[in-house]
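Biologist: I would like a close look at a single part of this model, with the reasoning spelled out where a cut-off decides the matter.

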Amino acid sequence: MPNDVSSQPSLPDELQARLAAAGVSDDASLAAALQADPSLAADLQAFIEANAAAMAGIAMAALLAAFAAVEDSQQMMDFWRSVPAGLEEPLMEAVAALIADAEQAGDADTVAHLRPRLDGFRQIHEAARQADEQPPVVQAVIAFVQAEDDGAAEALFAQTRTLLQPYEAQRLLDEQATSDDPAMLQRITERRALLRRLRGAAPTPPPPTPSPPQTQVTGDLYQAGRDQYHFSAHAESGGTASVVNNLFIHNLERRWLKPAPPVLERDAVPRTAEMQAVLDALAQRESVAITGQVAKAQALAVQGAPGVGKTTLAHLLARQLAAEERYADGVIWQELGPDFTRPEQAQAVLRQWAGYATGFFGLPDNLNKLFVFEPEGVRSLLAEHPRLLVVLDNVWSLAAIAPLRAALPAGAHLLITTRQRDLAQKLGGGLVAVGLLSRAEALALCELRLGWRPAVAAADDGWVSEAAGDGWAVELAQGVGLHALGLDVALGVLHRYGDGPADWAPAARRLIAAVRGGQVERLHLGDDDPGHNVQAVIRFSYDALPDDEARRRLRTLAAFAPEAEFSTALAAAAWGCAEESAFETLTGFANAALLDRLGGGAWRQHGLLRAFGLALLRAAGEQEQAAAAHARAYRDAMRAADKEQRYHQMLPAMAQLRHAFDWALANDLELALDIATGCANVQKQFGLTREAGEWSERLLATAQAGRAGPATLARAFGHRANRLSELATLPGEDRRQRLVEALAAYDEALRHYRPDTAPLDYAATQNNRANRLSELATLPGEARRQRLVEALAAYDEALRHYRPDTAPLDYAMMQGNLANLYRALSEIEAENQPQRQRQSLIAVFTALGYFQQVGHAVYITQAQRLALGLREAFGTQLFTQVWSEMGMGDLPDWADQSAAQQTPLDALLNAFVQVQSAEQMIAFWQAVPSEMEEPLIEAVEALMTQAEEEGDQETMEVLRGRLDAFRQIRAGAATGRSQGVRGILDRLRGRRRNAR
């Protein structure tokens, strides 16, 4: 419709007059007039509806005239913007018809005039259509680049901050946006810098050169006194009962493995005064604990500023008390950290503590994790050896350690370290604040790190010089304010400059000058800021690193999770270098006191040093790139471990994975989904299913907030549905409600996973829906037949795209699902039983045929086992009849043998190859008679040999993994705990049978 509505001759005079009186001259004035006069709006709408065809013709004629008048590409873009979206296709059809008519009439000029214009319009139309299908962040980045000027770009950023603030937008613009046009390339370069500035990620400009200060910079970090508080936790005594998988067990065999703290990877100077204060407090509280009142476990908190040595003090004390056997039953050392914030995370610790008392059945680590210990059960186990000191290092949450406190038996003492003074006070225990080094301790640290002791002595009121030439060592200690970590780093610097005082003195004087002269810019370290003097020492050490690459690697460690361990391999992945090179760099950092060596290829950076590195990253504008590299490295590592089912090996990395997930959720939604998907199995296996559910909820909320395109939104819904399905299995959950919620989430995913755009994702989602419907069908009160029929419909939808030619393995596996579904339907009275039984057999034989085609030995055996079960349920006659009708040939040996004729070994072997998880392997081992264990192992080894001879490496590896797990369980039982384990599993099996 032309903009000047009042000029249209087809409008009635009365209506034209009313529009003119309202001042209508363009679209904006028309909209204003209609909003102001509802009667005018109604009359105009009635006219348009009554004359729809004529109005459409007028509008199209106007568009064709404007189209023919376009002179260049810019005018064509402006014209395209003026065309209503619904008229783009009709306009192109109308122009194409005009061109066809002109060609038929021999009007070459008209054809030459219209065809290039139509081609240009089509290109713009297609580009716009593709842009509409791009994820929202891509569309926002394109619009940001195309904004007319910087002011318009800034306004767009303000409007679409949700999309343009995350690092994902910056990465797309930095890595994907290119152009052959020099002018456009210049604009892209400028918009990259503008976006980085608007997001607050631009490098910090260097500070102006400061004027030389007139006074010496010193530091005093002593921040707390020595107030004493008491803490005690109730812990009832007695009993030998333990809670395992919510099952009450009375006959767990006892074996006490006396706990001891780990060795210190790096020697440390004892803090004599502080250690004595802790010992005195422990002794005092111990005497209180043995009064006639309820026995209570005592607690003491060690609190102080960052870098002053809280953990070292606790570690030295724990080692001393263990060596002196002050706590006859042992000293438990438990490192926690800022990531330990949820009570459910305590389960791994409780399991470890229970292991001190029981030997944990002798199962391998990944199988141990299947058993869940309640705090009360652990307390009953530890109560038999109550003379314990338990040290919880680096506590950040009282709620998180509540289950651990509840597990302490009467008489045990608890010592925690924490940076948070208010947490220590809320704990209700004693508080010993750790301050600066004494002068004597500073000298001892020099001797420990350099193998040399300055010729000075420490007195109560200062230093007593014994040799004038060693005064630099005193100045160095004073320069860092006797801060433990600061002095340690300073001594690490000296160690790089030589092997004796003659080499160290010049370096020390340069370092002292840097501290006194304010030559280092002040970096904001937040709550971890220890003072400018310590910062100056760390910066001096950083600048003294051998090259720029070493400095880059040190500062990018700040992208790792705070105070959490990491491996050499993951550091190498984040740095983009070989492991050998990473190990050399990490060792150098550890020798310079810039990193803690934990042993076993694990490392950890002190929170103060991480804060310094983070400030450097921010100043250089590198924080996001480093965080992205860290998140991708852990995503890739988790993905590989998940694929190879090495879940337990990634458990120590969960703090880093949580850190990576949190960053990715805010900055790269696809990466966050990758991390969450990879972690799902390790979370499921190690008692973190609720955490996985929380992640899925956060992912979905972020996707629904407008940051996700259709494919990503569908993926988020699917991920949420899968986690809801797992939550449905947990105690205390409403199983039906969770399954119904999962179904709803799958349905939402199917709104975006369409058969024409994502057929395999569509099929997988339908398959998952069918599985949930089948599970619902088993619940009391459900319409069983209706649910099964709905599941059948979902399987049928999936099979439209899981076809033998596109996904043969998925097709075959779904046929196995159908076999079970048809069997379930055959058990319903209203169903045609013979037909459903026949369908069940056809499905399993179909699955078997495809498994045989692809040569998948494990799945072949599983299909055979399922088929034999159906024969036992339906009868041999129908089984043989359907086999013959399907042209399967003569019955093979496995099928020609009735279930009753199968040897016990055949039955065990068939069951063995169907084991899919560690829990199933435990249940399977429990069912195997002792005398059949060796023959079964020999039979599996024979299968492995056959698979190897046939070149079936995959089957051989699968069987080897299962056989290793079986042997490990068997070895644990052989140590004398067999009856206890079998008793537990007998009860577990009985409870499950009753639940059915």
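Is Tyr859 buried or exposed, and what is its relative accessible area? Please start there and work outwards through its aromatic surroundings.

Modeller: The model is a predicted one, and Tyr859 in it is buried, because its relative accessible area of 18% falls under the 20% that marks the limit. Phe851 is buried as well, since its relative accessible area is 6%. The ring centres of Phe851 and Tyr859 lie 5.2 Å apart, within the 6.5 Å allowed for a pair, and because their planes meet at 45°, neither under 30 degrees nor over 60, the arrangement counts as tilted.

A search of the whole structure returns 19 aromatic pairs. One of the pairs found joins Tyr167 and Trp663, again tilted, with 5.7 Å from centre to centre and 55° between the planes. This pair bridges distant parts of the chain, given that Tyr167 belongs to helix H11 (residues 167–175) and Trp663 to helix H30 (residues 654–667), with the two positions 496 residues apart in sequence. Tyr167 and Trp663 are both buried.

Turning to other aromatic residues, Phe845, Phe879, Trp883 and Trp894 come together as one aromatic cluster. Within that cluster, Phe879 has Arg871 lying over the face of its ring, at 5.3 Å from the ring centre.

The nonpolar cores give a wider setting. The largest of them has 110 residues, and Leu487, Leu494, Phe566, Leu657 and Ile675 are those with the most contacts inside it. Leaving aside residues up to four places away in sequence, Leu494 touches Leu450, Trp472, Leu476, Trp504, Ala507 and Ala508. A second core, separate from the largest and made of 50 residues, includes Leu821, Ile860, Leu870 and Trp883. Trp883 is also a member of the aromatic cluster already described.

As for confidence, the pLDDT averages 80 over the chain, and 83% of the residues score at least 70. Residues 1–9 have a pLDDT below 50, although this stretch makes 21 contacts in the model beyond near neighbours in sequence. Residues 975–996 also have a pLDDT below 50, and for that stretch the corresponding number of contacts is 35. Where pLDDT is low, the predicted coordinates should not be read in detail, and I would treat the contacts of residues 1–9 and 975–996 with that caution.

Terms used:
Residues numbered from 1 in each chain as written. Predicted model: local features only at pLDDT ≥ 70, side-chain atom pairs only at ≥ 80, totals over all residues. Heavy atoms only, no water. Phe/Tyr/Trp six-rings, centres within 6.5 Å; stacked < 30°, edge-to-face > 60°. Helix = DSSP H or I, 4+ residues; strand = E, 2+ residues; numbered from the N terminus. Buried < 20%, exposed > 50% of the residue type's maximum accessible area, 1.4 Å probe, protein only. Lys NZ or Arg CZ within 6 Å of the ring centre and 35° of its normal. pLDDT = per-residue confidence, 0-100. Contact = heavy atoms within 4.5 Å. Core = buried A, V, L, I, M, F, W, Y, C linked by side-chain atoms within 4.5 Å.
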